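Dear colleague,

I am handing over the structure we spoke of, and I would be grateful if you could look it over before reading my notes below.

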Amino acid sequence: PITFEFIMAGTNNRLLRKGVEKEARQYGISLEEALSITYFPATTAPDVSEEQEQLPDWVSCLAYSSSNNNSSNLVLSGCYDGTIHLFQQQEESGGEALEKLHTASVATGPMKALAMTTRAEGESLWIAAASLDHSLSLYQYSTEHGLHLRGHCVQEDTSAAISCLDFQRNSSVLASGDGKGTIRLWSIPTYDDAEEMESSAS
């Protein structure tokens, strides 16, 4: 048998999980009018071989940061269990192999969007991570000090979760977009004090 997934119009493209009546009442959709429901074949679990990199859950988003030399090319993946995984392309393999640099649990819900940037050559990496738990977090990463939280905010329940992120190249501005069509610009301070940076990002 073929398994299907369902999405009801007016629910921010969320998969139907609670039943039509409960979902409609949650989003204020009238049950006295015709409901538009889209269905499509469910995604099957991927086949995994022993040679592949093992991640704890399905990958839900990716980000890539490149430089003039392959040794600094980085791949960041976000998973449904709220973890992020940072990899570096291996120059010896022509960039085909990845070496894991860091893993961290950053959210209580599935990851939805990621972005990376470096403000100048040789500086530490800045990572923005958004989750379906409505959180947006900012991290600073270096091989010497690892991953450190530099800012965090949780949007109000009435807003939609952030679905896309992007840094302005080599700057301190982060752009986010959510499921309701709202675009926000975030100013990322240049100082290194975690408490001050968290307050500013909120």
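What follows covers a sheet, a pocket and a cavity.

Please bear in mind throughout that this is a predicted model.

I begin with the sheet, which is open and made of four antiparallel strands in the order β3-β4-β5-β6. Because β3 (59-65) and β6 (98-105) stand at its edges and have a single partner strand each, one side of each is left without a neighbour in the sheet. On average, and with direction ignored, neighbouring strands of this sheet are turned by 20° against each other. Between β5, which spans residues 83-89, and β6 there are seven bridges, and the two strands run antiparallel; His85, for example, has Thr103 of β6 as its bridge partner.

Turning to open space, the largest pocket holds about 1000 Å³ and has a lining of 30 residues, with Asn12, Asn13, Arg14, Leu15 and Leu132 lying nearest its centre. The elements that contribute two or more residues to this lining are β1 (4-8), β3 and β7 (111-117). Sorted by class, the lining of the largest pocket comprises 13 nonpolar, nine polar and eight charged residues.

As for enclosed space, the whole structure contains two cavities of 30 Å³ or more, and the second largest cavity has a volume of about 40 Å³. Its lining consists of Leu76, Ile84, Leu86, His102, Thr103, Ile127, Tyr141 and Leu147, and the elements that give two or more residues to it are β5 and β6. In the lining of this second largest cavity, six residues are nonpolar, two are polar and none is charged.

With best regards

How values were computed: Residues are numbered from 1 along each chain as its sequence is written. This is a predicted model: local features need pLDDT of at least 70, side-chain atom pairs count only at pLDDT 80 or more; totals for chains, interfaces and linings use all residues. Side-chain values use heavy atoms; hydrogens and water are left out. Two strands pair if DSSP finds at least two bridges between them. Axes are lines fitted to C-alpha atoms, for helices over the stretch in contact, and angles run from 0 to 180 degrees between N-to-C directions. On a 1 Å grid over the protein atoms alone, a cavity is a set of points where a 1.4 Å probe fits but cannot get out, and a pocket is an open set with protein on both sides within 12 Å along at least five of seven lines; lining residues have an atom within 4 Å of a point. Grid points are joined across faces, edges and corners, and a volume is the space filled by probe spheres set on the points. Ala, Val, Leu, Ile, Met, Phe, Trp, Tyr, Cys and Pro count as nonpolar, Asp, Glu, Lys and Arg as charged, and the others, Gly among them, as polar.
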